[in-house]
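User: I am new to reading protein models and would like to go through this one slowly. Could you take my questions in turn and show the reasoning behind each answer?

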Amino acid sequence: MDATMSGTGRRRQAGILDDIREGRPVSPEIHERARSGDYVLEVRDFSLWYGSSRALHSVSIPVQRGKVTALIGPSGCGKSTLLRSVNRLNDLIDGVRIEGDMLLNGGSVYGRGVDVIDLRKRLGMVFQKPNPFPMSIFENVVYPLRVDGENRKGVLREACERSLRAAALWDEVKDRLQQSALGLSGGQQQRLCIARAVVADPEVLLLDEPCSALDPIATLRVEELIHEISSRYSVLIVTHNMQQAARVSDLTAFMYLGRLVEYGATEDLFQNPHLPETEQYITGRFG
Amino acid sequence: MLWLTAAAIVVCLVAIVSLTGLVIVQGAKTFWPGRIERVELASGGVLMGIAVDEEATPDSSGRAGDARRRLYRVGNRDVGAQAFEWIDVDAIAGTTRPSDAGLFERRTWGVWIGTPRSVFIERVTPVLEGELLPEVLDESTAYGPARGERVEIEPGEDGGRRARERLFLVQDDPEAAWTTLGRMLPDAQRRWDRIERLKEHDIGRVSARMERLRLRVREAELASQRGARTGLGWGAWSVVAACGIGSILAGVALSRRLRSRPDDRRLRAARGVCVLLALPLVLASVLERPWSSSVMSGDELAAFSREMGEKIDAIRAGEFAELERTIAALEAEDAQYRIEIIEASGGRIAPRRQSEPDEALQVSQIVRSVRANDLTFSGRLGVYFSRWWEFLSEDPRSANTEGGVFPVIFGTVLLTLLLSVIVVPLGVVAALYLREYARQGPLTSVIRIAVNNLAGVPSIVYGVFGLGFFCTSVGQFIDAGSSDPLPPVGSGGVLGVLMGWWPLAIVCTLIAMSGVALRALALPGPGLVRSTRGVWLARFGALAWFVCVVIAIVLIVRLPYFGGFFSARLPTPTFGTTGLLWASLTLALLTLPVVIVATEEAIAAVPRSMREGSYGCGASKWQTIRRIVLPGATPGILTGAILAMARGAGEVAPLMVVGAVKLAPELPIDAEAPFMHLQRSFMHLGFHIYDLGFQSPDSEAARPLVWTTTLLLVSIVVLMNLAAILVRSRVRARLRGSQG
């Protein structure tokens, strides 16, 4: 993370991917601009094992407040695992073990005494495939409030409208809030999931390839939406799509086989990457 | 291959269609009124009956010969030998269908086939010694003018004489007899119903009141026999009660603290200890309360029993006698209305009782009269449907071969509902634990295999288990309490003291505490997998819980403080015998695997993305289960419930052991408090079919009813399944998100 480490990274740039493949320790290339500023989430030397296979190797990423941070990398590089570690969804999987910690607004995520339920309430998450619950649109949106014990009609209705507007879905569904959410189109469903994720004002919004199951037009709308809500929320987005990362994110982290390779402001990373491997990946020459 | 598979499905279809077709056709034709034939035999004999079957006469070796024979339903079982007779067709000289012949369904002895001849009112009046006999006069009655006729003077009951007179409304005129009967029958049936109601309902109510008074005396006697319990002294009791309240308060305070620090394991363990401590302390302060020793003295008891005895006598002399008088008067009036129905040969009339062959039949004995040869098609339809209605709404008569099956339907439906009410929650909760909470490993696999195998155990095994466990063990415990109670505090050595109730209760609590502590210690830290030490701690914790449960069962079974809810009624058992509750519990056990397997599959089929979405929203495990998993699994759970109901409703073997009877005198639900009498035995369609078909004294008469009852059972099962399927499809539509 410090200057000498990035220096070694630069010296050994020719073979960094080979090093990773052969399990030699590498240090990530972190741009100066990505290190400055106010962190909403700080991943510190975070490692994760599924049983005996290691999925993340001492990853350290500072995520800046009020920015959209994209995680890119080839399949299986651990970007989704990292995202799901932030709200501890990996706890649900048997045999997962972690080392290191994350700090969410300065508070530990994995420390002793952390209430996981409470932690998840402070985060919003949108999944790869739209997963609206089999209930009405209204109940879908206010679900996080309901499980938090909020049952006042007025509060729920107001929150529902606010977050549906934020998700640019209000005009399409305002007349059929009581109908099943499963009757919506795929794109609408995904925007509904975004509305659900932001209804409780999350500290960080986690998006796990939110557009990969959508058609191009729906994708465009969701991307616009991400761009819009990024003014209000800090967003961490996993994406497969290089153009998407370039379009929606302020910062981008490139990961490979469970390690962070390069992290920097999006325009720097895309136009002037420090490592040739990053450039190769971005331009589609491997991965 | 196409042909083979198609042939297989065709065979299945043919089997199913012919089965249902046979049941429907045979079951539906039972109540169709056939025509009465007067058969003159070549030998000179005459008989009257309804042809029900015809076949080739089997020769001596049992093969079908050329000759044919016909089966006639001849009825008149009380004067003849059999209600059905085979007649060789060759022996028949000729048949006619006399229009004045009729089929009379009677309350006892089945049907009578014959021709009504006379209708009269019979009066018996006592004649005082030396008094002149009054003139017998013609009279105008409610049913028209009647011609009076003295029959005889006979010795009366109290040494005097009495005169028997008949007022003939109709004499030797079948046509007029039919019309008069038609006018008389509704009145007679109303009178009969009133007598029945008085006998069953009103007398029953008064007897129940007397029985309650007797039970109160018996309870007081039992209490004084047991004697006063010493209990704790005031000092010791206050200490125990204070500790109990203290541990409850501590538990509440710890719960408050836990709310702000939910992951603090020491706090959690401390709260568990508090709860476990509070339990025996509160129990002790309730059971050993010092003011509980209020038992009547000998004199008080005698006075109480005298008082109750007087009350009982008052009821017997007052209300009870009054009712009996009313019934006697009504019965005497009822006995006046008589009808003479002669059989085909003209010899005998339908008797009032089998022992009095010359006394004419009481009109009220006739349930339905069908003038079978004089009916239009719509008249036949009317008879057909009125028979169906009677079948569905009335009690059975004549050893179940006549009348209706209402109590049987009632018992079947109630049993099925009860069993699903018991089995569905139990199965769903068990499946939830198995799939959602239990750690998936070899143990859960073994449990799963065991549950699946339970479905293959023969049902009679469940019946025997139900009889042995529910009826005898649990039922007798409920009736009379523990047969072998532990002393509250044991004596004689460490082991002897330990075998006291309270020492054992304390041991049980301690073990439970250690279980709680071990489980709390075994929890892994955040983000860490369980260590080997943690795994072993958890195993010991589970073992402690298991031991604790075993001891708790012993503590309950040998509880010295419980004398049974129904000990005053002994030796007549209340719950300690076969009955509806135990039958439904047995069937619930039998169908439990079906529900568990179906629910488990349904739960597993709820997509992972739904659960993750819910957890991602900050829902707890229980919230996710309740709001996402269970609603999503509802169609599957309902499928399990449907299968369980279908299996349970059709089961007979275990019911024969645990409570289905040939004739239940009372319904399990009635107006008598507490309204639900689940300890009563009940009737069940499946058992009824078996009883009609194989236990009936008159198997020919019962055979059509076997078909009809089968049809009914099948339709009830289909109906209940349809209802459940309807519910399921609605739930499914809602889940799938169809509009509206």
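User: How many helices and strands are there in chain B?
Analyst: This is a predicted model, and its helices and strands are runs assigned by DSSP. Counted in that way, chain B holds 18 helices and 16 strands.

User: What average pLDDT does chain B have?
Analyst: pLDDT is the predictor's confidence in each residue, on a scale from 0 to 100, and where it is low, the predicted coordinates should not be read in detail. In chain B, 96% of the residues score at least 70, while the model as a whole scores ipTM 0.89 and pTM 0.83. The average pLDDT of chain B is 85.

User: What radius of gyration does chain B have, set against a compact globule of 740 residues?
Analyst: The C-alpha atoms of chain B fill a box of roughly 105 × 90 × 60 Å along the principal axes, and 29% of the residues of this chain count as buried. A compact globule of 740 residues would have a radius of gyration near 27 Å, but the value for chain B is 36 Å.

User: And what radius of gyration does chain A have?
Analyst: Chain A, with 13 helices and eleven strands, fills a box of roughly 60 × 45 × 35 Å with its C-alpha atoms, and 49% of its 287 residues count as buried. For a compact globule with 287 residues one would expect a radius of gyration near 19 Å, and chain A agrees with this, at 19 Å.

User: Which element gives the largest share of the side of chain B that touches chain A?
Analyst: The contact takes 30 residues from chain A and 27 residues from chain B. On the side of chain B, the elements that give two or more residues are α14 (608–616), α15 (621–650) and α18 (699–736), and by class this side has eleven nonpolar, eleven polar and five charged residues. The largest share, six residues, comes from α14(B).

User: Are helices α2 and α5 of chain B roughly parallel or roughly antiparallel?
Analyst: Two packed helices are described by the angle between their axes and the distance between the axes. Helix α2 (residues 174–226) and helix α5 (residues 298–334) of chain B pack with axes 10 Å apart and at an angle of about 170°. Their contact involves 18 nonpolar, three polar and 13 charged residues. Because angles over 145 degrees count as roughly antiparallel, α2(B) is, relative to α5(B), roughly antiparallel.

User: Is Arg88(A) buried or exposed?
Analyst: Arg88(A) is found in the loop between α4 (79–86) and β5 (96–104) of chain A, and its phi is near 55°, a positive value in a residue other than glycine. A residue needs 20 or more other C-beta atoms within 10 Å to be called buried. Since Arg88(A) has 22 of them, it counts as buried.

User: How does Ser58(A) count in terms of exposure?
Analyst: Ser58(A) lies in strand β3 (residues 53–64) of chain A and has a positive phi of about 40° although it is not a glycine. The class between buried, at 20 or more neighbours, and exposed, at 12 or fewer, is the one to consider. With 18 C-beta neighbours inside 10 Å, Ser58(A) is therefore partly exposed.

User: What separates the C-alpha atoms of Gln695(B) and Leu592(B)?
Analyst: Gln695(B) sits in the loop between α17 (685–694) and α18 of chain B, and is partly exposed, with 13 other C-beta atoms within 10 Å. Along the chain, Gln695(B) and Leu592(B) are 103 residues apart, and the separation of their C-alpha atoms is 31 Å.

Terms used: Residues are numbered from 1 along each chain as its sequence is written. Chains are lettered from A and ligands numbered from 1 in the order in which they are written. This is a predicted model: local features need pLDDT of at least 70, side-chain atom pairs count only at pLDDT 80 or more; totals for chains, interfaces and linings use all residues. Two residues are in contact if their C-beta atoms, placed from the backbone, lie within 7 Å. Helices (H or I, at least four residues) and strands (E, at least two) are DSSP runs, numbered from the N terminus. Ala, Val, Leu, Ile, Met, Phe, Trp, Tyr, Cys and Pro count as nonpolar, Asp, Glu, Lys and Arg as charged, and the others, Gly among them, as polar. The radius of gyration is taken over C-alpha atoms; the globule rule is 2.2 Å times the number of residues to the power 0.38. Axes are lines fitted to C-alpha atoms, for helices over the stretch in contact, and angles run from 0 to 180 degrees between N-to-C directions. Angles under 35 degrees count as roughly parallel, over 145 as roughly antiparallel, 65 to 115 as roughly perpendicular and the rest as oblique.
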